[in-house]
Amino acid sequence: MKKKFLAAAMAVVMAASLAACGSGSSKETPAADGKETPAADGDLITVGYAQVGAESDWRTANTESFKTTFTEENGYKLIFDDAQQKQENQIKAIRSFVQQDVDYIVVAPVVETGWETVLEEAKEAGIPVILSDRMMQVSDDSLYTAWVGGNFEKEGETCANWLADYLDKQGRADEEINMVTIQGTIGASAQVGRTQGVENVLKDHPNWKMLDKQTGEFTQTKGQEVMESFLKSYDDIDVVICENDNEAFGAIDAIKAAGKTCGPEGDIIVVSFDSVKAAFESMMAGDLNATFECNPLHGPRVEEIIQKLEANEEVDKIQYVDEAFFDTSMDLESILKERLY
(Lines give C-alpha, C1' and ligand atoms only; values in the text may rest on other atoms or scores of the structure.)
Protein backbone atom coordinates (compact mmCIF):
# COMPACT_ATOMS: atom_id res chain seq x y z
CA MET A 1 0.00 0.00 0.00
CA LYS A 2 1.10 3.54 -0.73
CA LYS A 3 1.05 4.44 2.96
CA LYS A 4 3.37 1.61 3.93
CA PHE A 5 5.71 2.22 0.98
CA LEU A 6 6.17 5.85 2.00
CA ALA A 7 6.71 4.88 5.62
CA ALA A 8 9.33 2.34 4.61
CA ALA A 9 11.10 4.83 2.37
CA MET A 10 11.23 7.43 5.13
CA ALA A 11 12.57 4.82 7.52
CA VAL A 12 15.44 4.06 5.14
CA VAL A 13 16.31 7.75 4.82
CA MET A 14 16.22 8.26 8.61
CA ALA A 15 18.37 5.19 9.18
CA ALA A 16 20.98 6.47 6.75
CA SER A 17 20.94 9.88 8.44
CA LEU A 18 21.43 8.34 11.88
CA ALA A 19 24.32 6.23 10.62
CA ALA A 20 26.02 9.34 9.17
CA CYS A 21 25.76 11.02 12.56
CA GLY A 22 27.43 8.03 14.19
CA SER A 23 24.37 7.14 16.35
CA GLY A 24 22.86 4.15 14.57
CA SER A 25 20.58 1.74 16.45
CA SER A 26 19.38 -1.83 15.93
CA LYS A 27 15.83 -3.27 16.05
CA GLU A 28 16.51 -4.97 19.37
CA THR A 29 18.83 -3.60 22.00
CA PRO A 30 20.57 -5.90 24.51
CA ALA A 31 19.49 -5.17 28.05
CA ALA A 32 21.88 -4.94 30.99
CA ASP A 33 21.36 -8.62 31.75
CA GLY A 34 22.27 -9.59 28.20
CA LYS A 35 18.68 -10.37 27.15
CA GLU A 36 17.06 -8.67 24.21
CA THR A 37 14.38 -6.07 24.89
CA PRO A 38 11.00 -6.19 23.09
CA ALA A 39 10.73 -4.46 19.71
CA ALA A 40 9.93 -0.75 19.79
CA ASP A 41 6.45 0.48 18.94
CA GLY A 42 7.60 1.31 15.41
CA ASP A 43 8.09 -2.40 14.75
CA LEU A 44 4.54 -3.27 15.84
CA ILE A 45 1.42 -3.36 13.68
CA THR A 46 -0.89 -0.71 15.14
CA VAL A 47 -4.58 -1.58 15.29
CA GLY A 48 -7.24 0.91 16.37
CA TYR A 49 -10.40 -0.78 17.66
CA ALA A 50 -13.62 1.23 18.04
CA GLN A 51 -15.79 -0.99 20.23
CA VAL A 52 -19.52 -0.43 20.77
CA GLY A 53 -19.28 -0.45 24.56
CA ALA A 54 -19.70 -2.94 27.39
CA GLU A 55 -23.45 -3.42 27.35
CA SER A 56 -23.46 -7.20 27.72
CA ASP A 57 -21.50 -10.28 28.73
CA TRP A 58 -21.09 -11.05 25.03
CA ARG A 59 -19.48 -7.67 24.41
CA THR A 60 -17.08 -8.20 27.30
CA ALA A 61 -15.98 -11.52 25.79
CA ASN A 62 -15.63 -9.89 22.38
CA THR A 63 -13.41 -7.14 23.80
CA GLU A 64 -11.27 -9.66 25.65
CA SER A 65 -10.78 -11.65 22.45
CA PHE A 66 -9.23 -8.60 20.78
CA LYS A 67 -7.15 -7.61 23.78
CA THR A 68 -5.63 -11.09 24.12
CA THR A 69 -5.01 -11.39 20.37
CA PHE A 70 -3.52 -8.00 19.56
CA THR A 71 -0.72 -7.91 22.12
CA GLU A 72 2.85 -6.67 21.87
CA GLU A 73 4.01 -10.27 22.31
CA ASN A 74 2.09 -11.10 19.12
CA GLY A 75 3.55 -8.10 17.29
CA TYR A 76 0.76 -5.56 17.71
CA LYS A 77 -0.05 -2.30 19.40
CA LEU A 78 -3.78 -2.10 20.17
CA ILE A 79 -5.46 1.27 20.65
CA PHE A 80 -8.83 0.49 22.21
CA ASP A 81 -11.79 2.87 22.40
CA ASP A 82 -15.10 2.22 24.20
CA ALA A 83 -17.84 4.22 22.46
CA GLN A 84 -20.39 3.71 25.25
CA GLN A 85 -23.01 2.77 22.63
CA LYS A 86 -22.85 6.16 20.89
CA GLN A 87 -22.14 6.44 17.18
CA GLU A 88 -20.68 9.93 17.55
CA ASN A 89 -18.05 8.53 19.91
CA GLN A 90 -17.09 5.87 17.39
CA ILE A 91 -16.77 8.43 14.61
CA LYS A 92 -14.48 10.51 16.85
CA ALA A 93 -12.44 7.39 17.61
CA ILE A 94 -12.02 6.53 13.92
CA ARG A 95 -10.89 10.07 13.16
CA SER A 96 -8.43 9.84 16.03
CA PHE A 97 -7.08 6.57 14.62
CA VAL A 98 -6.60 8.26 11.24
CA GLN A 99 -4.74 11.15 12.89
CA GLN A 100 -2.54 8.66 14.74
CA ASP A 101 -1.78 6.96 11.41
CA VAL A 102 -2.62 3.45 12.61
CA ASP A 103 -2.07 0.52 10.25
CA TYR A 104 -5.58 -0.95 10.56
CA ILE A 105 -8.93 0.18 11.93
CA VAL A 106 -11.45 -2.29 13.36
CA VAL A 107 -15.00 -1.13 14.08
CA ALA A 108 -17.97 -2.82 15.74
CA PRO A 109 -20.51 -0.23 14.57
CA VAL A 110 -23.28 0.87 16.92
CA VAL A 111 -25.73 1.15 14.00
CA GLU A 112 -25.58 0.36 10.28
CA THR A 113 -25.91 3.81 8.70
CA GLY A 114 -24.10 7.15 8.85
CA TRP A 115 -20.49 6.03 8.22
CA GLU A 116 -19.74 7.18 4.66
CA THR A 117 -17.83 10.36 5.47
CA VAL A 118 -15.52 8.99 8.14
CA LEU A 119 -14.80 5.84 6.11
CA GLU A 120 -13.86 8.04 3.16
CA GLU A 121 -11.35 9.76 5.45
CA ALA A 122 -9.82 6.42 6.42
CA LYS A 123 -9.68 5.32 2.78
CA GLU A 124 -7.94 8.55 1.74
CA ALA A 125 -5.38 7.92 4.49
CA GLY A 126 -4.75 4.43 3.08
CA ILE A 127 -5.93 2.64 6.23
CA PRO A 128 -7.90 -0.60 5.75
CA VAL A 129 -11.09 -0.83 7.80
CA ILE A 130 -12.33 -4.19 9.09
CA LEU A 131 -15.84 -4.50 10.51
CA SER A 132 -16.50 -6.79 13.48
CA ASP A 133 -19.86 -8.15 14.64
CA ARG A 134 -22.14 -5.56 13.10
CA MET A 135 -22.45 -4.48 9.47
CA MET A 136 -22.51 -1.03 7.88
CA GLN A 137 -24.76 0.08 5.03
CA VAL A 138 -22.61 2.09 2.61
CA SER A 139 -23.05 3.01 -1.05
CA ASP A 140 -19.48 1.94 -1.80
CA ASP A 141 -18.42 -1.30 -0.16
CA SER A 142 -14.77 -0.61 -0.99
CA LEU A 143 -14.87 1.71 2.03
CA TYR A 144 -14.24 -1.34 4.20
CA THR A 145 -12.00 -4.32 3.53
CA ALA A 146 -13.85 -7.16 5.25
CA TRP A 147 -16.53 -8.00 7.78
CA VAL A 148 -16.30 -10.68 10.48
CA GLY A 149 -19.30 -11.82 12.50
CA GLY A 150 -22.35 -14.03 12.91
CA ASN A 151 -25.10 -14.64 10.39
CA PHE A 152 -27.76 -12.77 12.34
CA GLU A 153 -30.67 -13.49 10.03
CA LYS A 154 -29.82 -17.19 10.10
CA GLU A 155 -29.65 -17.00 13.91
CA GLY A 156 -33.20 -15.61 13.95
CA GLU A 157 -34.44 -18.32 11.60
CA THR A 158 -32.74 -21.03 13.67
CA CYS A 159 -34.42 -19.69 16.79
CA ALA A 160 -37.90 -19.63 15.23
CA ASN A 161 -37.47 -23.09 13.69
CA TRP A 162 -36.34 -24.41 17.07
CA LEU A 163 -39.47 -22.89 18.62
CA ALA A 164 -41.69 -24.58 16.03
CA ASP A 165 -40.10 -27.95 16.79
CA TYR A 166 -40.32 -27.36 20.55
CA LEU A 167 -44.03 -26.48 20.39
CA ASP A 168 -44.69 -29.49 18.20
CA LYS A 169 -43.06 -31.81 20.76
CA GLN A 170 -45.30 -30.24 23.43
CA GLY A 171 -48.39 -30.93 21.33
CA ARG A 172 -48.96 -27.20 20.80
CA ALA A 173 -48.17 -26.96 17.07
CA ASP A 174 -51.71 -25.83 16.18
CA GLU A 175 -52.33 -23.77 19.32
CA GLU A 176 -52.52 -19.98 19.09
CA ILE A 177 -49.16 -18.73 20.39
CA ASN A 178 -48.83 -15.18 21.69
CA MET A 179 -45.31 -13.80 21.37
CA VAL A 180 -43.38 -10.66 22.26
CA THR A 181 -39.87 -9.64 21.23
CA ILE A 182 -37.38 -7.63 23.26
CA GLN A 183 -35.26 -6.27 20.44
CA GLY A 184 -31.66 -5.15 20.55
CA THR A 185 -30.49 -1.61 19.77
CA ILE A 186 -32.65 -0.53 16.83
CA GLY A 187 -30.60 -0.32 13.65
CA ALA A 188 -27.80 -2.57 14.88
CA SER A 189 -27.03 -5.46 12.51
CA ALA A 190 -27.77 -8.07 15.18
CA GLN A 191 -31.17 -6.51 15.85
CA VAL A 192 -32.04 -6.16 12.17
CA GLY A 193 -30.95 -9.69 11.27
CA ARG A 194 -32.48 -11.51 14.23
CA THR A 195 -35.79 -9.67 13.90
CA GLN A 196 -35.92 -10.43 10.17
CA GLY A 197 -34.96 -14.08 10.67
CA VAL A 198 -37.80 -14.64 13.13
CA GLU A 199 -40.24 -12.85 10.83
CA ASN A 200 -39.19 -15.09 7.92
CA VAL A 201 -40.37 -18.14 9.83
CA LEU A 202 -43.32 -16.39 11.49
CA LYS A 203 -45.00 -16.14 8.07
CA ASP A 204 -45.19 -19.94 7.92
CA HIS A 205 -47.10 -20.12 11.22
CA PRO A 206 -50.41 -18.22 10.98
CA ASN A 207 -51.29 -19.31 14.53
CA TRP A 208 -48.32 -17.37 15.93
CA LYS A 209 -49.23 -13.82 16.92
CA MET A 210 -46.49 -11.25 17.58
CA LEU A 211 -48.17 -9.01 20.14
CA ASP A 212 -45.43 -6.42 20.48
CA LYS A 213 -41.77 -5.57 19.86
CA GLN A 214 -39.73 -3.04 21.83
CA THR A 215 -36.03 -2.39 22.16
CA GLY A 216 -34.20 -3.50 25.27
CA GLU A 217 -30.98 -1.98 23.95
CA PHE A 218 -29.13 -5.25 24.60
CA THR A 219 -29.03 -4.54 28.36
CA GLN A 220 -30.44 -6.42 31.35
CA THR A 221 -31.92 -3.33 32.97
CA LYS A 222 -33.78 -2.25 29.85
CA GLY A 223 -34.83 -5.82 29.13
CA GLN A 224 -36.47 -5.99 32.53
CA GLU A 225 -38.23 -2.65 31.99
CA VAL A 226 -39.62 -3.75 28.62
CA MET A 227 -40.82 -7.09 29.99
CA GLU A 228 -42.55 -5.35 32.88
CA SER A 229 -44.37 -3.20 30.33
CA PHE A 230 -45.36 -6.24 28.25
CA LEU A 231 -46.73 -8.07 31.30
CA LYS A 232 -48.90 -5.06 32.19
CA SER A 233 -50.21 -4.76 28.62
CA TYR A 234 -50.86 -8.42 27.76
CA ASP A 235 -52.48 -11.08 29.92
CA ASP A 236 -51.45 -14.16 27.95
CA ILE A 237 -47.84 -14.23 26.74
CA ASP A 238 -46.59 -17.65 25.66
CA VAL A 239 -43.14 -16.80 24.27
CA VAL A 240 -40.56 -14.06 24.86
CA ILE A 241 -37.84 -13.70 22.25
CA CYS A 242 -34.91 -11.71 23.66
CA GLU A 243 -32.33 -10.56 21.14
CA ASN A 244 -29.48 -11.15 23.58
CA ASP A 245 -28.93 -13.09 26.79
CA ASN A 246 -28.73 -10.05 29.06
CA GLU A 247 -32.19 -8.90 27.99
CA ALA A 248 -33.43 -12.40 28.83
CA PHE A 249 -31.99 -12.20 32.34
CA GLY A 250 -33.91 -8.96 32.86
CA ALA A 251 -37.07 -10.45 31.36
CA ILE A 252 -36.83 -13.46 33.67
CA ASP A 253 -36.55 -11.16 36.69
CA ALA A 254 -39.65 -9.29 35.55
CA ILE A 255 -41.61 -12.49 34.98
CA LYS A 256 -40.80 -13.79 38.46
CA ALA A 257 -41.59 -10.43 40.07
CA ALA A 258 -45.01 -10.56 38.42
CA GLY A 259 -45.71 -13.92 40.05
CA LYS A 260 -45.38 -15.91 36.83
CA THR A 261 -42.98 -18.71 35.91
CA CYS A 262 -40.79 -19.35 32.89
CA GLY A 263 -38.54 -21.97 31.36
CA PRO A 264 -39.31 -25.60 30.44
CA GLU A 265 -41.65 -26.07 33.42
CA GLY A 266 -43.06 -22.54 33.47
CA ASP A 267 -45.82 -20.42 31.99
CA ILE A 268 -43.65 -18.54 29.50
CA ILE A 269 -41.05 -19.84 27.04
CA VAL A 270 -37.95 -17.62 27.06
CA VAL A 271 -35.32 -17.79 24.32
CA SER A 272 -32.31 -15.57 23.71
CA PHE A 273 -29.18 -15.03 21.63
CA ASP A 274 -25.42 -14.98 22.28
CA SER A 275 -24.94 -18.11 24.47
CA VAL A 276 -22.68 -16.65 27.16
CA LYS A 277 -21.87 -18.74 30.24
CA ALA A 278 -24.57 -17.08 32.31
CA ALA A 279 -27.15 -18.26 29.77
CA PHE A 280 -26.11 -21.86 30.43
CA GLU A 281 -26.48 -21.26 34.15
CA SER A 282 -29.94 -19.81 33.54
CA MET A 283 -30.96 -22.88 31.52
CA MET A 284 -29.62 -25.21 34.21
CA ALA A 285 -31.64 -23.22 36.77
CA GLY A 286 -34.77 -23.90 34.72
CA ASP A 287 -35.44 -20.26 33.75
CA LEU A 288 -34.27 -20.07 30.12
CA ASN A 289 -35.42 -22.53 27.45
CA ALA A 290 -32.76 -22.04 24.79
CA THR A 291 -29.97 -19.74 23.63
CA PHE A 292 -28.71 -19.26 20.08
CA GLU A 293 -25.01 -18.68 19.72
CA CYS A 294 -23.34 -15.57 18.41
CA ASN A 295 -19.63 -16.34 18.66
CA PRO A 296 -17.81 -13.29 20.13
CA LEU A 297 -14.26 -14.54 19.61
CA HIS A 298 -13.50 -12.41 16.56
CA GLY A 299 -9.95 -11.44 17.46
CA PRO A 300 -8.19 -14.44 15.87
CA ARG A 301 -10.24 -14.18 12.64
CA VAL A 302 -9.47 -10.45 12.33
CA GLU A 303 -5.79 -11.21 12.91
CA GLU A 304 -5.90 -13.75 10.06
CA ILE A 305 -7.25 -11.04 7.78
CA ILE A 306 -4.54 -8.58 8.84
CA GLN A 307 -1.80 -11.12 8.30
CA LYS A 308 -3.11 -11.85 4.80
CA LEU A 309 -3.21 -8.14 4.02
CA GLU A 310 0.34 -7.79 5.32
CA ALA A 311 1.33 -10.52 2.84
CA ASN A 312 -0.58 -8.71 0.05
CA GLU A 313 -3.08 -11.57 -0.21
CA GLU A 314 -6.75 -11.20 -1.05
CA VAL A 315 -9.33 -11.72 1.69
CA ASP A 316 -13.01 -12.68 1.55
CA LYS A 317 -15.30 -9.70 2.01
CA ILE A 318 -17.77 -11.52 4.29
CA GLN A 319 -16.50 -13.99 6.88
CA TYR A 320 -18.95 -15.76 9.18
CA VAL A 321 -17.85 -17.34 12.45
CA ASP A 322 -19.07 -20.82 13.42
CA GLU A 323 -22.20 -20.86 15.61
CA ALA A 324 -24.55 -23.37 17.27
CA PHE A 325 -27.56 -23.40 19.62
CA PHE A 326 -28.17 -24.90 23.04
CA ASP A 327 -31.30 -25.92 24.95
CA THR A 328 -32.27 -27.73 28.14
CA SER A 329 -32.35 -31.14 26.43
CA MET A 330 -28.54 -31.08 26.20
CA ASP A 331 -25.77 -31.95 28.68
CA LEU A 332 -25.26 -28.31 29.56
CA GLU A 333 -22.85 -28.89 32.44
CA SER A 334 -20.40 -30.72 30.17
CA ILE A 335 -20.72 -28.10 27.43
CA LEU A 336 -20.23 -25.27 29.91
CA LYS A 337 -16.92 -26.71 31.10
CA GLU A 338 -15.52 -26.25 27.58
CA ARG A 339 -16.88 -22.74 26.98
CA LEU A 340 -14.46 -19.84 26.63
CA TYR A 341 -17.22 -17.22 27.06
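In this predicted model, strand β6 (residues 177–183) is mostly covered, with seven of its seven residues buried. The side chains of the strand alternate in direction: Ile177, Met179, Thr181 and Gln183 point one way, Asn178, Val180 and Ile182 point the other way, and all are buried.

Strand β6 pairs with two other strands. Seven bridges connect β6 with strand β7 (residues 208–215), and these two strands run parallel. Within this pairing, Val180 has Asp212 of β7 as its bridge partner. Between β6 and β7 the chain passes through helix α6 (residues 189–202), and the resulting β-α-β crossover is right-handed. Strand β8 is also parallel to β6, to which four bridges join it. Here Val180 stands opposite Val240.

The loop between α7 (220–233) and β8 (239–242) contains Asp238. Residues count as buried under 20% relative accessible area; Asp238 has a relative accessibility of 8% and is therefore buried. Its side chain forms a polar contact of 3.3 Å with the side chain of Arg172. Leaving out residues up to four places away in sequence, Asp238 touches Arg172, Glu176, Ile177, Asn178, Asp267, Ile268 and Ile269. Two of these contacts, Ile177 and Asn178, belong to β6, where they point opposite ways.

The largest nonpolar core has 55 residues, of which Ile105, Met227 and Val270 touch the most other members. Helix α8 (residues 245–257) supplies the largest share of this core, six residues. When neighbours within four places in sequence are set aside, Met227 is in contact with Ile182, Ile237, Val240, Ala251, Ala254 and Ile255. Another core, of 21 residues, lies apart from the largest one and includes Ile45, Tyr76, Ile130 and Ala146.

Helix α5 (residues 152–169) was compared with the span expected from its length. Its 18 residues, at 1.5 Å a residue, should span 26 Å, and the end C-alpha atoms are 26 Å apart, so the two values agree. The buried residues of α5 are Phe152, Glu155, Gly156, Cys159, Ala160, Trp162, Leu163, Ala164, Tyr166 and Leu167. An α-helix has 3.6 residues a turn, so residues three or four places apart point the same way. Just after α5, Gly171 adopts a positive phi of about 75 degrees.

Notes: Residues numbered from 1 in each chain as written. Predicted model: local features only at pLDDT ≥ 70, side-chain atom pairs only at ≥ 80, totals over all residues. Heavy atoms only, no water. Buried < 20%, exposed > 50% of the residue type's maximum accessible area, 1.4 Å probe, protein only. Polar contact = N/O pair within 3.5 Å; in protein donor to acceptor, adjacent residues only side chain to side chain. Contact = heavy atoms within 4.5 Å. Core = buried A, V, L, I, M, F, W, Y, C linked by side-chain atoms within 4.5 Å. Pairing = 2+ DSSP bridges. Right-handed = clockwise from strand over helix to strand, strands pointing away. Expected span 1.5 Å × (residues − 1).
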